[in-house]
Amino acid sequence: MNLYPVRSIYMAEMARTRRTLLQSIVSPVISTSLYFVVFGAAIGSRISEIDGVSYGAFIVPGLIMLMLLTQSVSNASFGIFFPKFSGSIYELLSAPISHLEIVVGYVGAAASKSILLGLIILATSGLFVPLEIAHPIWMLTFLVLTAVTFSLLGFIIGIWADGFDKLQLVPLLVITPLTFLGGSFYSIDMLPPFWQGVTLANPVVYLVSGFRWSFYGISDVSLVASVGMIVVFLALCLGVITWIFRTGYRLKP
């Protein structure tokens, strides 16, 4: 793999983030702060602890995961959709650049932005609640794997979308609801048995639970199940992207 074209795509995407700093970084951080004000102050005063962790600290992994999933999908989908929309994708596909280099450039930039945002939100959370990270290596592992996996999903959405409205369709109507219902703000043990079973069908539960385990050593599902879910989803996304480039599916504006 030639790193020069990868670096060119990567730097161009990162430069776009610097030009839209207010939207890319500042807005999600403000939104997270508002979550702490609403959930931490209003609801946290009624819920003292969950599994020995204060409610304000308990929701930190869920908030980071919420922003990580939505931003990874949005960054990657817009990154590849804009060349389709402007017609510059013809130059990209005709250049001496492999499909792998294209994917690594766009997905790497989207994942880097999301990881940076996740770390900023983590630092911001420390201003509101006392934090502890029991397993920092696992925390970074979950952060990176999740960002890369959902950036790959965003890349697929960017190829599939034929208009700007569809770019927000999956993040708003699928990713965000699944994250809210995936234990981001509560433990699924607090639900009735029937709804616990229903909730376990939500794949985001496994991501949030594994990420929370890396902070506090508590989880709703096993660590093996959490890692397995990420790996399976990563493999599925890689398979779909491979099929897209083999068939040329919607690689035109």
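Let me start with threonine 146, which is buried in this predicted model, its relative accessible area being 1%. Threonine 146 sits in helix H7, and if we set aside the neighbours within four places in sequence, the residues in contact with threonine 146 are Met65, Leu68, Leu69 and Ile230. There is also a polar side to this position, since a polar atom of the threonine 146 side chain lies 2.7 Å from the backbone oxygen of phenylalanine 142.

That brings me to the nonpolar core. The largest nonpolar core has 65 residues, and the members that touch the most other members are Ile59, Val60, Ile64, Phe155, Phe211 and Phe215. Helix H7, which covers residues 136–160, gives the largest share of this core, with 11 residues. As a general remark, nonpolar side chains tend to be buried together in soluble globular proteins. If we look at phenylalanine 211 on its own, and again leave out residues up to four places away in sequence, we find that phenylalanine 211 touches Pro61, Ile64, Met65, Met139, Phe142 and Leu143.

Next, is asparagine 75 buried or exposed? Asparagine 75 has a relative accessible area of 15%, and because buried means under 20%, this residue counts as buried. Asparagine 75 belongs to helix H4, which runs over residues 60–86, and, not counting residues up to four places away in sequence, asparagine 75 touches Arg16, Ala110, Lys113 and Ser114.

Let me now turn to the surface, where Met1, Leu3, Leu100 and Val104 form a nonpolar patch whose accessible area, taken together, is about 400 Å². Leucine 3, one of the residues in that patch, is placed in helix H1, residues 3–19. Leucine 3 has a relative accessible area of 57%, and it is called exposed because that value is over 50%.

My last stop is a loop, the one between strand S1, at 49–50, and strand S2, at 53–54, and in this loop we find aspartate 51. What is the sign of phi at aspartate 51? The phi of aspartate 51 is positive, at about 55°, although this residue is not a glycine. For context, most residues other than glycine have a negative phi. As for its surroundings, aspartate 51 is partly exposed, with a relative accessible area of 47%.

To close, I would ask you to keep two positions in mind as you turn the model: threonine 146, buried in the model, and leucine 3, exposed in the surface patch.

Technical notes:
Residues numbered from 1 in each chain as written. Predicted model: local features only at pLDDT ≥ 70, side-chain atom pairs only at ≥ 80, totals over all residues. Heavy atoms only, no water. Patch = residues over 30% accessible without salt bridge, like charges linked within 9 Å, V, L, I, M, F, W, Y side chains within 5 Å. Areas by Shrake-Rupley, 256 points an atom, 1.4 Å probe, with all protein chains shown as cover. Salt bridge = Lys/Arg side-chain N within 4 Å of Asp/Glu carboxyl O. Helix = DSSP H or I, 4+ residues; strand = E, 2+ residues; numbered from the N terminus. Buried < 20%, exposed > 50% of the residue type's maximum accessible area, 1.4 Å probe, protein only. Contact = heavy atoms within 4.5 Å. Core = buried A, V, L, I, M, F, W, Y, C linked by side-chain atoms within 4.5 Å. Polar contact = N/O pair within 3.5 Å; in protein donor to acceptor, adjacent residues only side chain to side chain.
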